[in-house]
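Reader: I am new to this structure. Please take me on a close look at one part of it, the active site, and then show me what lies around it.

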Amino acid sequence: MIGESRLRLVWIYPDLLSTYGDQGNALIVERRALMRGIEVERVDVRSDQPVPTSGDIYLIGGGEDRPQRLAAERLRRDPGLATAVGAGAALLAVCAGYQIIGTEFIDDLDQPEAGLGLLDVRSGRGAPGKRCVGEVLAEVDPALGLPVLSGFENHQGVTYVGPGAKPLARVTHGSGNGTGDGTEGAYAGRVIGTYMHGPVMSRNPALADLLLTWATGVPLTPLGDHWHEQLRSERLRTVRAAAAN
């Protein structure tokens, strides 16, 4: 839970894991906190810097294969993120970041690479020449109380959800985890992983609000962001119409 007046938002390794615009997630969380009068201290942690343990919300983005391996190597040596999550901090990880926080993924050398073990998922590579690319719509686990998620995926990885986690959502359009079982992402406690770019919080501000609720420990004041809901509805209609044709 945050202190009396300030939320600490930590964006991990923007120099390695910000290929697909996922830094926009940090902008959305920060903005939606400020709109509610919550003061925000944003900390951008480069890969040559230690990850602070005193954050309330941590964000990790996507990246290419070699930067992903370098990020995993550095995070395995740095206990900051694991310590923070163990103390109750919220974490959202996207694509390459999603794989890194799991137990294992395949690196750019086609070798198994140990993940951080913060989420019970294991990632491998899909069939040669097969890549999950395009729009995604997914219905979220009802326990999280979120509306349909909208995003964009671009990955060759396939991710299997273990018994220590639950699928974040089930796809109605797109590939999601790529395993063929219809799942997208995973979560356990206050840790969420997803393949959705967009950035995902720009398309789904309710997801940002969920992390803010976890961090503050209290229900959030509703925002009058009807303009955003209008844009979101248009995006959902466009994807559904394209899927029907």
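**The active site and its surroundings**

Author: Cys95 is buried, with a relative accessible area of 6%. That is a good place to start. The model is a predicted one. Cys95 sits in the loop between S4 and H4. UniProt lists Cys95 and His197 under "active site", in an unreviewed entry. The two span 103 residues in sequence, yet no two of their C-alpha atoms are more than 7.8 Å apart, so they gather at one spot. Of this set, the lining of the largest pocket takes in Cys95.

Now look at the partner. His197 is found in the loop between S13 and H5. His197 counts as buried because its relative accessibility is 4%, and the cut-off for buried is under 20%.

What does each of them touch? Leave aside neighbours up to four places away in sequence. Cys95 then touches Gly62, Asn154, His155, Thr194, Tyr195 and His197. On the same terms, His197 is in contact with Tyr20, Asp22, Gly62, Val94, Cys95, Gly151, Phe152 and Asn154. Gly62 and Asn154 appear in both lists. Cys95 and His197 also touch each other.

Next comes the pocket. The largest pocket holds about 230 Å³ of space. Its lining has 17 residues, and Asp65, Arg131, His155, Gln156 and Gly157 lie nearest its centre. Helix H2 (65–77), helix H4 (96–100), strand S7 (121–125) and strand S9 (149–155) each give two or more residues to that lining. By type, the lining divides into 5 nonpolar, 8 polar and 4 charged residues.

Arg131 deserves a closer look. UniProt lists Arg131 as a "binding site", again in an unreviewed entry. Arg131 lies in the loop between S7 and S8. Arg131 counts as partly exposed, because its relative accessibility is 44%. With residues up to four places away set aside, Arg131 touches Asn154, His155 and Gln156. Asn154 and His155 are also among the contacts of Cys95.

The loop between S7 and S8 also holds Pro128. Pro128 is exposed, with a relative accessible area of 80%. Its C-alpha atom is separated by 31 Å from that of Leu236, 108 residues apart along the chain.

Go back to Tyr195, a contact of Cys95. Tyr195 has a ring partner. The structure holds 1 aromatic pair. Tyr98 and Tyr195 form that pair, and it is edge-to-face: 5.1 Å centre to centre, with 75 degrees between the planes. The pair links distant parts of the chain, with Tyr98 in helix H4 and Tyr195 in the loop between strand S13 (191–194) and H5, 97 residues apart. Both Tyr98 and Tyr195 are buried.

The loop between S13 and H5 has one more feature to find. Pro199 lies there too. The peptide bond from Gly198 to Pro199 is cis, with omega near -15 degrees. Most residues other than glycine have a negative phi, and most peptide bonds are trans.

Two residues have a positive phi. Tyr13 has a phi of about 55 degrees, although it is not a glycine. Tyr13 is found in the loop between S1 and H1. At 1% relative accessibility, Tyr13 counts as buried. Asp110 has a positive phi of about 60 degrees, and it is not a glycine either. Asp110 lies in the loop between strand S5 (104–106) and strand S6 (112–114). At 53% relative accessibility, Asp110 counts as exposed.

After the loop that holds Tyr13 comes H1. In helix H1 (residues 24–34), the buried residues are Gly24, Asn25, Ala26, Val29, Arg32 and Ala33. Their cover includes strand S1 (6–12), strand S2 (39–45), strand S3 (57–60), strand S4 (90–94), helix H5 (200–203) and helix H6 (205–216).

Another buried residue is Asp56, with a relative accessible area of 11%. Asp56 is found in the loop between S2 and S3. Asp56 and Thr216 are 160 residues apart in sequence, and 8.5 Å apart in space, C-alpha to C-alpha.

Finally, step back to the wider chain. UniProt lists residues 9–204 as "domain: CobB/CobQ-like glutamine amidotransferase", in an unreviewed entry. Over residues 9–204 the chain is 20% helix and 36% strand, and the end C-alpha atoms are 18 Å apart.

Notes:
Residues are numbered from 1 along each chain as its sequence is written. This is a predicted model: local features need pLDDT of at least 70, side-chain atom pairs count only at pLDDT 80 or more; totals for chains, interfaces and linings use all residues. Side-chain values use heavy atoms; hydrogens and water are left out. On a 1 Å grid over the protein atoms alone, a cavity is a set of points where a 1.4 Å probe fits but cannot get out, and a pocket is an open set with protein on both sides within 12 Å along at least five of seven lines; lining residues have an atom within 4 Å of a point. Grid points are joined across faces, edges and corners, and a volume is the space filled by probe spheres set on the points. Helices (H or I, at least four residues) and strands (E, at least two) are DSSP runs, numbered from the N terminus. Ala, Val, Leu, Ile, Met, Phe, Trp, Tyr, Cys and Pro count as nonpolar, Asp, Glu, Lys and Arg as charged, and the others, Gly among them, as polar. Buried means under 20% relative accessible area, exposed over 50%, partly exposed in between (1.4 Å probe, protein chains only). Contact means heavy atoms within 4.5 Å. UniProt positions are given in the numbering used here, feature names are shortened, and annotations may be inferred rather than shown by experiment. Rings of Phe, Tyr and Trp (its six-membered ring) pair if their centres lie within 6.5 Å; planes under 30 degrees apart count as stacked, over 60 as edge-to-face and the rest as tilted.
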